[in-house]
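Here are a few exercises on helix packing and charged side chains. Keep the model open and try each one before reading its solution.

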Amino acid sequence: MMTNFPDIPTEPDDKLIINNESGEAVPVEEQVLLKLINITEEKETIRYKEIELVYVDEKEIVRINKEFLDRDYITDIITFRYDENNPDAIEGTLYCCAPRIAEQSAEFDNDLKTEYLRVFVHGLIHLAGYDDQTAKEKERMTEKEDQYLEALNSLS
């Protein structure tokens, strides 16, 4: 069965397009997110052409999850990739649930900014072609998240 995904906006001059529809304050700066994009590109030997980052509330993340993935629950991130598996021009949208990220920050005793960055890099890794359906895949993605966040911290 073919799934119709949401249209990606076209603003060719922007590698990263950020929309905050959540009503929550987002504690990360665009420049930091762009650094994470560059780190991921370098480590994965890929190029992102355009990434739309959309912060949403719990109601909207459940709607997206139901409509496109047939799942009825809140999650921190849903990633859609739009390109034709071209590692030199990856395009996609990351829907991030701001309230869920804040809850996870408290659950995992992480700094709020760190949790936002972790969820963002998690989405970037998904766009790079990784999945997290099995325990082994989750472990591999977590290792990559840690590695890329550590690389970001070493730039500071």
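A crossing is left-handed if the near helix is turned anticlockwise from the far one by less than a right angle, and right-handed if clockwise. Helices here are DSSP runs of H or I with at least four residues, strands are E runs of at least two, and both are numbered from the N terminus. This is a predicted model, with pLDDT of at least 70 needed for local features and 80 or more for side-chain atom pairs, while totals for chains, interfaces and linings use all residues. Residues are numbered from 1 along each chain as its sequence is written, and side-chain values use heavy atoms, leaving out hydrogens and water.

**Exercise 1.** Work out how α1 passes α5, and which residues meet.

*Solution.* Start with the axes (lines fitted to C-alpha atoms, for helices over the stretch in contact, with angles from 0 to 180 degrees between N-to-C directions). Those of α1 (residues 30–44) and α5 come within 10 Å and cross at roughly 125°. Next, classify the angle: under 35 degrees is roughly parallel, over 145 roughly antiparallel, 65 to 115 roughly perpendicular, and the rest oblique. So α1 and α5 are oblique to each other. The crossing is right-handed. Now list the contacts (heavy atoms within 4.5 Å): α1 brings Val32, Lys35, Leu36, Ile39, Thr40, Lys43 and Glu44, and these meet Lys144, Gln147, Tyr148, Leu149, Ala151, Leu152 and Leu155 of α5. Last, sort by class, with Ala, Val, Leu, Ile, Met, Phe, Trp, Tyr, Cys and Pro as nonpolar, Asp, Glu, Lys and Arg as charged, and the others, Gly among them, as polar. You get 8 nonpolar, 2 polar and 4 charged residues.

**Exercise 2.** Do the same for α4 and α5, then find what the side chain of arginine 118 makes a polar contact with.

*Solution.* Helix α4 (residues 112–127) packs on α5 (residues 135–155) at about 120°, with the axes 9 Å apart. That pair is therefore oblique too, and its crossing is right-handed. On the α4 side the contact includes Leu117, Arg118 and Val121, and on the α5 side it includes Asp146, Tyr148 and Leu149. Its classes come to 7 nonpolar, 3 polar and 4 charged residues.

Now zoom in on arginine 118, which sits in α4. Skip its neighbours within four places in sequence, and its contacts are Asn110, Thr142, Glu145, Asp146 and Leu149. A polar contact is a pair of N or O atoms within 3.5 Å; within protein, one must be able to donate a hydrogen and the other to accept it, and residues adjacent in sequence count only if both atoms are side-chain atoms. The partner you want is the side chain of aspartate 146, at 2.8 Å.

**Exercise 3.** Count the salt bridges, then say how far apart glutamate 60 and arginine 63 are in helix α2.

*Solution.* Apply the rule: a side-chain nitrogen of Lys or Arg within 4 Å of a carboxyl oxygen of Asp or Glu. The count is 12 salt bridges. Glutamate 60 and arginine 63 form a salt bridge through their side chains, 2.8 Å from N to O. Because they are 3 residues apart in α2 (residues 58–69), about one helical turn separates them.
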